[in-house]
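Me: I have a model open and want to learn how to read it. Can we take a few features in turn?

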Amino acid sequence: METTTKPNIGSYDERVKGSPWALAEEELGYKPGSDINIAWYCTDRICNMGKAAKTAFIWEGMGGAEKRYTFNDLRLASNTFAAFLQGLGIKREERVCLFLDRIPELYLGFLGVLKAGAVAQPLFSAFGDESLLVRLENAQTTAVITQRKHVGKVRKLREKLPCLKYIIVVDDDGKKPLQEREVAFSLEQAKPVEDFKCADTKAESPSLLHYTSGTTGMPKGAQHVHYSLISQYLTAKWVLDLHDDDIYWCTADPGWVTGTSYGIIGPWSLGVTSCVLDVGFTSESWYQFIQKRRVTVWYSAPTAIRALMKAGDEAVKKHDLSSLRHLASVGEPLNSEAVTWSERVFGLPFHDSYWQTETGSIMISNYPGLKIKPGSMGKPFPGITATLLDLQTFEPFTEAGKIGLIAVKPGWPAMMRSYWNNEEVYKKKFRNGWYLTGDRATRDMDGYYWFVGRDDDIINTAGHLVSPFEVESALLEHPAVAESAVVSKPDEINMEVVKAFVTVKPGFIGNDDLTLEIMNFIRKKLSPLAMPQEIEYTPLLPKTRSGKIMRRVLKAKEWGQEIGDTSTLEND
Ligand code: PRX
């Protein structure tokens, strides 16, 4: 499995001296001030470069169902989607939500929304009604593109969403009548639109709204612009090392930023074939997919890698995975064992990469050709000025081994431009001219970053951020819950899972039946990931004298850590 492909990045040390964004603009033929539309770059431009007939997208669903699309098919499908949206009266910059499983319409519709000049708002199809409601309400979403399976969830919320003009169903079979404000659209039956005038968006035109969890308050919509393409194109080229003949597999759902930045925009702006597996995770189904599709570049996440490690080496040996040549990971700390394991079983190390919904593209990473230190996130991407800030003074420092806040100098192309309707919280993300990631790390003598942990209470479960506040708010809506505190608890596979401490109202008893009922309640309201894996009933929660619940105390107990300063505790 020795790879002979020359890394796109060439020498990291040389690249950090150059002007990478200007280089990316040049390669993309973009001139400052001219039009830039992500979907046009991912489809029309690639066709204009003589790759119209090249396979762009291989989709596999249940039972091996397969659909294939060339770059010309992508161009036509996105034209057709965009024309349909414009026909409905969807205007520039209106938010159009994609609430779909990983079916082809999710990917093609995403491009269509951008071509129409609207803002794409992808949301996990596993979201329950409460999670959906707060995000659609906050974004004042005009249209939701969904499928029969999920339309019921949106229907239920329609009356609470005055801005929502259309619910578009992509797989309507005519068996049940659609209701008010619902409209059917089938890509397969629609007449392909050969010529479509793509919206003449500019660098700063809004493109995407990705919701992410905060420590306090409701989820925030990180608003991105079309110029993000510059970062996403170059990071996909240099970090994921995508070459023209690659078969690339990004395992992330586009409800998550990885699934759009690197599941759609990165590979297609480079004219690279990308494949998607729309079936649940098993080691067998994943290895089989790699074998069958001859995947060469694989971008995944530590939780999945740990689950594969658990499935054992034998599972790997049963398959021919010799097509693989480059592996990368994102979303959570990648333990050094995972890197050494992958080297042993695949003959290739996973390259850890670090970034966020807000950053839009990879910030710190390992690169082909640069020495990997297993357990380290690597070094800042060329063109990214990252540093560590002192935890108290927010001043940058250079000492090796000292813990600081990871911060980045604003101005890279893919940086979010605001939190939707929440300028106040957006401003809080900056200190002393630095963007604060909210994560802590150390740096070694060679400039490698080592992740330490988050600087807040957010729970990272299987690479997905869950806000304790959101879960606590939902818990309070259950009739038995008087008060609750939600913290992370260590987990072998998912790194962290959600744990809730609950005090029950008089007349209720905290037993197994209630636990199951509450778990289900949260799963349906929020999502399976936000569902507490454990509920502990307690007569009292630790509080400060001013009455604020101290999650810190409960969390420390779960992690077997020192509790720290409890001088403000009311009831210890
Ligand atoms: O805490 C960091 C963790 O995931 C957070 C970002 O999550 P999200 O906005 O959902 O985006 C995830 C995909 C880009 C970060 O603030 N995180 C992400 N990558 C890593 C990581 N933690 C450790 N190591 C990583 N490589």
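Reply: Start with one pair of residues. Gly-404 stands opposite Ala-441 in β22. Keep in mind that this is a predicted model.

Me: How many bridges join β19 to strand β22?

Reply: Four, and the two strands run antiparallel. Strand β22 covers residues 434-443.

Me: Which strand besides β22 is joined to β19, and in what direction do they run?

Reply: Strand β17, residues 386-389, is joined to β19 by four bridges. β17 and β19 run antiparallel. For a pair to look at, take Leu-388, which stands opposite Ile-406 in β19.

Me: What should I know about side chains in a strand?

Reply: In a regular strand, side chains alternate between the two faces of the sheet.

Me: Is strand β19 enclosed or open?

Reply: Count its buried residues. The strand spans residues 404-408, and five of the five are buried, so β19 is largely enclosed by the rest of the structure.

Me: Now helices. What describes two packed helices?

Reply: Two values: the angle between their axes and the distance between those axes. Here, take α7 (residues 129-139) and α8 (residues 148-157). They pack at an angle of about 60 degrees, and their axes are 10 Å apart.

Me: Why are α7 and α8 called oblique to each other?

Reply: Check the angle against the cut-offs. Roughly perpendicular starts at 65 degrees, and roughly parallel means under 35. The angle of about 60 degrees falls in neither class, so α7 and α8 are oblique to each other.

Me: Is the crossing of α7 and α8 left-handed or right-handed?

Reply: The crossing of these two helices is right-handed.

Me: Which residues of α7 and α8 meet?

Reply: From α7, Asp-129, Leu-132 and Leu-133. From α8, Lys-153, Val-154, Lys-156 and Leu-157. By class, the contact has four nonpolar residues, three charged and no polar ones.

Me: Next, backbone angles. What is the sign of phi at Arg-181?

Reply: Positive, with phi near 65 degrees, in a residue other than glycine. Arg-181 sits in the loop between β6 (166-169) and β7 (182-184).

Me: What is phi at Asp-241?

Reply: About 60 degrees, a positive value although Asp-241 is not a glycine. The loop between α9 (229-238) and β10 (247-250) holds Asp-241.

Me: Are Arg-181 and Asp-241 buried or exposed?

Reply: Under 20% relative accessible area counts as buried. Asp-241 has 2% relative accessibility, so Asp-241 is buried. Arg-181 has 26% and therefore counts as partly exposed.

Notes: Residues are numbered from 1 along each chain as its sequence is written. This is a predicted model: local features need pLDDT of at least 70, side-chain atom pairs count only at pLDDT 80 or more; totals for chains, interfaces and linings use all residues. Side-chain values use heavy atoms; hydrogens and water are left out. Axes are lines fitted to C-alpha atoms, for helices over the stretch in contact, and angles run from 0 to 180 degrees between N-to-C directions. Angles under 35 degrees count as roughly parallel, over 145 as roughly antiparallel, 65 to 115 as roughly perpendicular and the rest as oblique. A crossing is left-handed if the near helix is turned anticlockwise from the far one by less than a right angle, and right-handed if clockwise. Contact means heavy atoms within 4.5 Å. Ala, Val, Leu, Ile, Met, Phe, Trp, Tyr, Cys and Pro count as nonpolar, Asp, Glu, Lys and Arg as charged, and the others, Gly among them, as polar. Buried means under 20% relative accessible area, exposed over 50%, partly exposed in between (1.4 Å probe, protein chains only). Two strands pair if DSSP finds at least two bridges between them.
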